[in-house]
Amino acid sequence: MNDRKHKIQIAPGDLGDLRSAFTVIELLVSITVIAVLLALILPAVVNVRETSHRITCANNLKNLSLALINEMETKRRLPLATLDTAPWKRERQQYQNWVVSILPWIDQESVFDQLDLTKPFTDPMNAQIVETHISAFLCPSDISQNGGGDLSFAVNGGIVIATGAGGEADYLFRSPLEVSFDLNGDGKFGYRLDEVAQPNEFDLVFATGLFDRRTRGGVEPVADRRQRGHSPATILDGMSNTLMIAENVRTGFDPATPKSNWGSLDATRMLVTITTDICSDQTCIAGNVNLKKANSGRHAINAGVLLAEGTAPWPNSFHHLGVNAAFADGHVSFISQQIDGEILFNLFTPQGERLRGTPLESSHLTTSF
């Protein structure tokens, strides 16, 4: 038997096909390389997008602050944060807020002109108008917006607001979360117009916040026609040191809450405030005050981003590690969520100098941003 060697005949074209084929190992290596590249590229794309959103957010915030400054210079004081009293009627209804006041200053005259300010915002026509989508009121990073009357910003409401009362007090002082507060440490949570206690509680409200909220129904007593809003002359700590408006993504529309839009009069949606936790037992007497608590615990910056809309009236954003804020001179800064609470307290107070000698006095009164 003759042994023969069998040779495999390979055509020239077949050799080329073999050389161009992928092995399983080569395929896996290629997939791994692509995955690594995507892992490197995607975070960069996300960072670029967030940077763009943050810049747009800061620009919108600056425009709103300039509109508030224009309103202040024209009217000689800042607008009320909210107004649910009709001075010419003995009733309490939704009538106006700081957002409505600045519509003409942000090229929204057409929207402003459609509102009937002699009627409450619950009026069918007004209610429809305040659902208008206005991009200037939004931070693009606010993932809670839905395309209606959304709002991503709120103005500086200090610590507490004065609300009309009855019985033994003409006014009560409460946080937007309805926590009663004794701001002057006189042992009372209410205030009568004929009281002579010092420091006067209204003076402390004015010293610790920039925007006021009127909530008393009916015609105000002559003795109580106090200055309702700050002007450049009353911002004693300096315009550049006083916070005017900041991000709060827990404002705006909430499907579960009617009238939750930029026409709202809800203090938890219109104001950013300092937590009443700075005074233990909600009483500001010597030994009870710790200003560092202004940025701590459940009320710290960005601690409320996962809470329901209208339940977190302090600065909150979807930015990483802080919030955008505009100051009374119009400049915008990014405030770290790790900021010292006492410094944050000072940024809220327009008249820290007038807190000298009270338990609310700060060890450093001015902080530049």
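This is a short talk on one predicted model, covering its confidence, one sheet and its cavities.

Okay, so, confidence before anything else. The protein chain averages a pLDDT of 83, and 82% of the residues score at least 70. There are weak patches, though. Residues 86–92 stay under 50, and for them the model has 19 contacts beyond four places in sequence. Residues 216–226 are also below 50, with 28 contacts in the model beyond near neighbours in sequence. Where pLDDT is low, the predicted coordinates should not be read in detail, so please don't lean on those contacts.

Right, on to the sheet. What order do the strands come in? Going across, you get β9-β3-β8-β10-β11, an open sheet of five strands with mixed pairing. β9, at 271–272, and β11, at 332–336, are the edge strands; each has a single partner strand, so one side of each is left without a neighbour in the sheet.

Let's walk through some of the pairings. β3 and β9 run parallel, joined by two bridges, and Asn156 has Val272 in β9 as its bridge partner. On to β8: β3 and β8 run antiparallel, with three bridges, and here Val155 is partnered by Ile245 in β8. Then β8, residues 243–247, is joined to β10, residues 322–327, by three bridges, again antiparallel. If you want a pair to click on there, Leu243 stands opposite Phe327 in β10.

Something also lies over this sheet. Helix α8, residues 341–348, lies across β3, β8, β9, β10 and β11, and runs at about 80° to β3.

Now, the empty space. How many cavities of 30 Å³ or more does a search of the whole structure find? Three. The largest has a volume of about 100 Å³, and the second largest about 50 Å³.

Who lines the largest one? Among them are Ser175, Pro176, Leu177 and Val179, along with Thr273, Ile274, Thr275, His299 and Trp314. By class, that lining divides into six nonpolar, five polar and no charged residues.

For the second largest, you'll meet Thr273, Ile274, Thr275, His299 and Trp314 in the lining, and other members include Ala294, Asn295 and Ile301. Leu344 and Phe348 are in this lining too, and both numbers fall within the 341–348 span of helix α8. Its lining has eight nonpolar and four polar residues, and again no charged ones.

That's what I have; happy to pull up any of it on screen.

How values were computed. Residues numbered from 1 in each chain as written. Predicted model: local features only at pLDDT ≥ 70, side-chain atom pairs only at ≥ 80, totals over all residues. Heavy atoms only, no water. Pairing = 2+ DSSP bridges. Helix = DSSP H or I, 4+ residues; strand = E, 2+ residues; numbered from the N terminus. Contact = heavy atoms within 4.5 Å. Axes fitted to C-alpha atoms, helices over the stretch in contact; angles between N-to-C directions. pLDDT = per-residue confidence, 0-100. 1 Å grid on protein atoms, 1.4 Å probe; cavity = no way out; pocket = protein on both sides within 12 Å on 5 of 7 lines; lining within 4 Å. Points joined across faces, edges and corners; volume = space filled by probe spheres on them. Nonpolar A, V, L, I, M, F, W, Y, C, P; charged D, E, K, R; others polar.
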